[in-house]
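Colleague: I would like a close look at a single part of this model, with the surroundings filled in afterwards. Please keep it plain enough for someone in a first year of study.

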Amino acid sequence: HIVLGACDFEAAMDTFEEMTGVRPVAITSLNGLGIKSARVAFEGDECTYLEIVAPDPKQSATTLADQLSTLEPGALVPVHYAIRTSTGEQRKSSLWTSSACKLQVDNITMVAATEEGMPWKWDLYILEQEQGDDLAAGLLPHFLYWKDDLHPCQTISAVVGTLDRVTIQAPQGSVVHKVLD
């Protein structure tokens, strides 16, 4: 999924609606990250979606929330992307932390509530470059494992267009190529 950042949650929702004619669905506050989240699914059966994140004033400040608060008011800025996986633990123990990649992997079990108030759990794998390739920091994806819970796009009522392609470019030899192969 594609993640757009904004400094103000409601203004971001308004901006997206003005641009597309579709109002994103406010999903949840991501406790511990200091942000709120809204989503829009893309047409098709690939379970792809766009997520808008912005600081949540009801939560404690975090580095991410602080970074988002510095964005230009009304702007929706690409800040990250994530890839669905069911092999995160295997990749973590083999490829991601191998001498070929030398990545630090934070594995966080995320918990939020569905619209019905039921617990919603997923694993988030955050890859970070130990040293060197500074450019890779912004190009390395997060990986998500939804376990037995429904994938978010299966419950999102707001749908906008199709996502035909996402292109990630990195310099030759970058660890990004090893992670995405």
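Which side chain meets that of aspartate 14 in a salt bridge, and what is the N to O distance?

Modeller: The partner of aspartate 14 is arginine 23, and their side chains meet in a salt bridge with an N to O distance of 2.6 Å. Keep in mind that this is a predicted model. Aspartate 14 has a relative accessible area of 35%, so the residue counts as partly exposed. Arginine 23 is also described as partly exposed, because its relative accessibility is 29%. The cut-offs behind these words are simple: under 20% is buried, over 50% is exposed, and partly exposed lies in between. As background, side chains of opposite charge can pair when their charged atoms come close.

Arginine 23 has a salt bridge to glutamate 10 as well, at 3.2 Å from N to O. Glutamate 10 sits in helix H1, residues 9–20, while arginine 23 sits in the loop between H1 and strand S2 (25–30), so this pair ties together parts that are 13 residues apart in sequence. Glutamate 10 is partly exposed, because its relative accessible area is 43%.

Now compare a pair elsewhere in the chain. Across the whole structure, the search finds four salt bridges. One of the pairs is glutamate 51 with arginine 39, whose side chains meet at 3.1 Å, N to O. Here glutamate 51 belongs to strand S4 and arginine 39 to strand S3, so parts that lie 12 residues apart in sequence are tied together. Glutamate 51 is buried, because its relative accessible area is 6%. Arginine 39 has a value of 2%, so it is buried too. Back at the part you asked about, salt bridges with shared partners join Glu10, Asp14, Glu17 and Arg23 into one network.

Next, the setting. The chain has 181 residues, and 41% of them are buried. Its secondary structure comes to five helices and eight strands. Read from the N terminus, the order of elements is β-α-β-β-β-α-β-α-β-β-α-β-α.

The largest pocket holds about 650 Å³ of space. Its lining has 27 residues, and the closest to the centre are Val3, Leu64, Val79, His80 and His142. Several elements supply at least two residues each to this lining, among them strand S3 (35–41), strand S4 (49–55), helix H2 (63–69) and strand S5 (77–84). Strands S3 and S4 are where the pair of arginine 39 and glutamate 51 is placed. Sorted by kind, the lining residues of the largest pocket are 19 nonpolar, six polar and two charged.

After S4 comes a loop that leads to H2, and lysine 58 lies in this loop. With a relative accessible area of 79%, which is over the 50% limit, lysine 58 is exposed. Its C-alpha atom is 9.0 Å from that of serine 29, although the two residues are 29 apart in sequence. Glutamine 59 lies in the loop between S4 and H2 too. Glutamine 59 counts as buried, however, because its relative accessibility is 17% and the limit is 20%. The C-alpha atoms of glutamine 59 and glycine 34 are 5.2 Å apart, with their positions 25 residues apart along the chain.

Further along, valine 111 is part of strand S6. Valine 111 has a relative accessibility of 48%, so it counts as partly exposed. Its C-alpha atom is separated by 4.6 Å from that of lysine 121, which is 10 residues away along the chain.

Last, there is a nonpolar patch on the surface. Leu163, Val166, Ile168 and Leu180 make up this patch of about 270 Å². Leucine 163 is in the loop between strand S8 (142–145) and helix H5 (175–180). It is called partly exposed because its relative accessibility is 32%.

To return to your question, the 2.6 Å pair of aspartate 14 and arginine 23 is one piece of the network that also takes in Glu10 and Glu17.

Terms used. Residues numbered from 1 in each chain as written. Predicted model: local features only at pLDDT ≥ 70, side-chain atom pairs only at ≥ 80, totals over all residues. Heavy atoms only, no water. Patch = residues over 30% accessible without salt bridge, like charges linked within 9 Å, V, L, I, M, F, W, Y side chains within 5 Å. Areas by Shrake-Rupley, 256 points an atom, 1.4 Å probe, with all protein chains shown as cover. Helix = DSSP H or I, 4+ residues; strand = E, 2+ residues; numbered from the N terminus. Buried < 20%, exposed > 50% of the residue type's maximum accessible area, 1.4 Å probe, protein only. 1 Å grid on protein atoms, 1.4 Å probe; cavity = no way out; pocket = protein on both sides within 12 Å on 5 of 7 lines; lining within 4 Å. Points joined across faces, edges and corners; volume = space filled by probe spheres on them. Nonpolar A, V, L, I, M, F, W, Y, C, P; charged D, E, K, R; others polar.
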